[in-house]
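Hi everyone, thanks for making time for this. I'd like to walk you through some charges, surface patches and backbone angles, so please have the structure open in front of you.

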Amino acid sequence: MFLENQNDIQIEKYYELLKIVGGLSNLFSESTVPYLYYRAAENIFCKAFGADNLSRSDCSADARKDFLGIGLKTFLNGNGKTYQKVAEFNKERGLYIQKDKNTDDIIKTVSELRNKRISSTQRIHNLDNMIYHCVSRTENKFLIFEEKMDLININKISKISNKNNSITFEDGINEYNFNLSKSTLLKRFYTPEHSKIIDIDIIKNPFDFLEDLFKKYKEEIECIEKENTKFDFVILPLYSHRNSRV
């Protein structure tokens with residue numbers, strides 16, 4: 001996967017940035033489960049590993065490093081097997097919401113759209129492979145793991161069940177859930193036992209901490225500015241010391 005091929009310095013920097021941001025969780029909630037905004041997770045990953053940030057583009061990858069596309073996910077761990085959104089098809093809604101389409105036809109169309117989007121992402125961004133890099137959040141910890149971003153095996157789709165406009169199905173590799181009303185495809189992520197564990201020390205009073213930190217930062221900036229204003233000089237008198245002439 002990705003992490004095992006990165007150097008130790010970059011990996012440690014990544015973990016350290018996650019610890020810092022996770023430590024500020026009380027800015028947003030009082031939960032013992034650290035908070036990690038998905039945009040922050042994307043920026044941290046790209047900064048630590050020198051990856052290209054693709055999160056603002058309409059594709060299946062949030063980052064690119066060399067010829068690998070990475071979908072970045074962060075979510076509550078829960079019971080370790082949660083559904084998470086992997087695609088949205090609002091623009092293509094007319095392709096699968098038709099009177100003559102039954103549930104099986106809808107899932108086949110959605111699966112084709114999903115596969116097409118992954119393939120087009122690889123083609124446009126010159127990628128050989130695609131993976132998911134996940135940061136699952138649990139009490140005082142981040143759990144990090146990676147897995148392949150598979151195409152849906154349309155020929156192996158089974159166990160299709162439609163309940164309240166939520167269609168679940170499998171393809172022999174992954175479990176999916178398609179929400180008709182929101183046009184979103186979700187995939188079940190299983191947090192493996194061998195996940196990398198990052199302990200997060202949540203700061204009790206992050207506002208006080210940031211206030212003190214900002215004061216120190218301002219003081220350092222002021223000192224630097226004062227140092228930069230110092231310069232060598234000579235005094236040139238307006239009169240001669242020998243004859244007192246101006």
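Let's begin on the surface, where E219, E220, E222 and E225 form a negative patch. Keep in mind throughout that this is a predicted model. To find the patch, look for helix α5, residues 206-229, which holds E219.

Stay on that helix for a moment. There is also a nonpolar surface patch, about 250 Å² in area, and its members are F209, L210 and L213. L210, for one, sits in helix α5. Is L210 buried, partly exposed or exposed? It counts as partly exposed, because its relative accessibility is 31%.

Now for the salt bridges. Side chains of opposite charge can pair when their charged atoms come close. How many salt bridges does the structure hold? The count is nine, and I'll show you a few of them.

Start with R39 and E42, which are joined by a salt bridge whose closest N and O atoms are 3.1 Å apart. Both residues belong to helix α2, residues 38-49, and the three-residue spacing between them is about one turn of the helix. R39 has a relative accessible area of 18%, so it is buried. E42 is buried as well, because its relative accessibility is 5%.

Next comes the pair D52 and R64, with a salt bridge of 2.9 Å from N to O. This one links distant parts of the chain, since D52 is in strand β1 and R64 is in strand β2, 12 residues apart. D52 counts as partly exposed because its relative accessibility is 37%. R64 is partly exposed too, with a relative accessible area of 22%.

My third example is K141 with D199, where the closest N and O atoms are 3.7 Å apart. Here again distant parts of the chain are linked: K141 comes from strand β6, residues 141-148, D199 from strand β11, residues 196-199, and 58 residues separate them. At a relative accessible area of 30%, K141 is partly exposed.

With those pairs in mind, have a look at D62. Where does D62 lie? You'll find it in the loop between β1 (52-53) and β2 (63-65). D62 is buried, yet it has no salt bridge. The nearest side chain of opposite charge is R39, at 5.9 Å, and a salt bridge needs a nitrogen within 4 Å of a carboxyl oxygen. As for what surrounds D62, and leaving out residues up to four places away in sequence, it touches E42, D52, N53, L54, S55, I70, G71 and L72. Two of these you have just met: E42 is the salt-bridge partner of R39, and D52 is the partner of R64.

Let me finish with the backbone. Most residues other than glycine have a negative phi. K159 has a positive value, near 50°. K159 is placed in strand β7 and counts as exposed, because its relative accessibility is 61%.

That strand spans residues 158-163 and also contains K163, which is exposed, with a relative accessible area of 59%. Between the C-alpha atoms of K163 and N179 there are 9.8 Å, with the two residues 16 apart along the chain.

Just past there is N165, whose phi is also positive, near 65°. N165 lies in the loop between β7 and β8 (166-170), and at 43% relative accessibility it counts as partly exposed.

That's my tour, and I'm happy to take questions.

Technical notes: Residues numbered from 1 in each chain as written. Predicted model: local features only at pLDDT ≥ 70, side-chain atom pairs only at ≥ 80, totals over all residues. Heavy atoms only, no water. Patch = residues over 30% accessible without salt bridge, like charges linked within 9 Å, V, L, I, M, F, W, Y side chains within 5 Å. Areas by Shrake-Rupley, 256 points an atom, 1.4 Å probe, with all protein chains shown as cover. Lys, Arg positive; Asp, Glu negative; His and termini not counted. Charge placed at Lys NZ, Arg CZ, Asp CG, Glu CD. Helix = DSSP H or I, 4+ residues; strand = E, 2+ residues; numbered from the N terminus. Buried < 20%, exposed > 50% of the residue type's maximum accessible area, 1.4 Å probe, protein only. Contact = heavy atoms within 4.5 Å.
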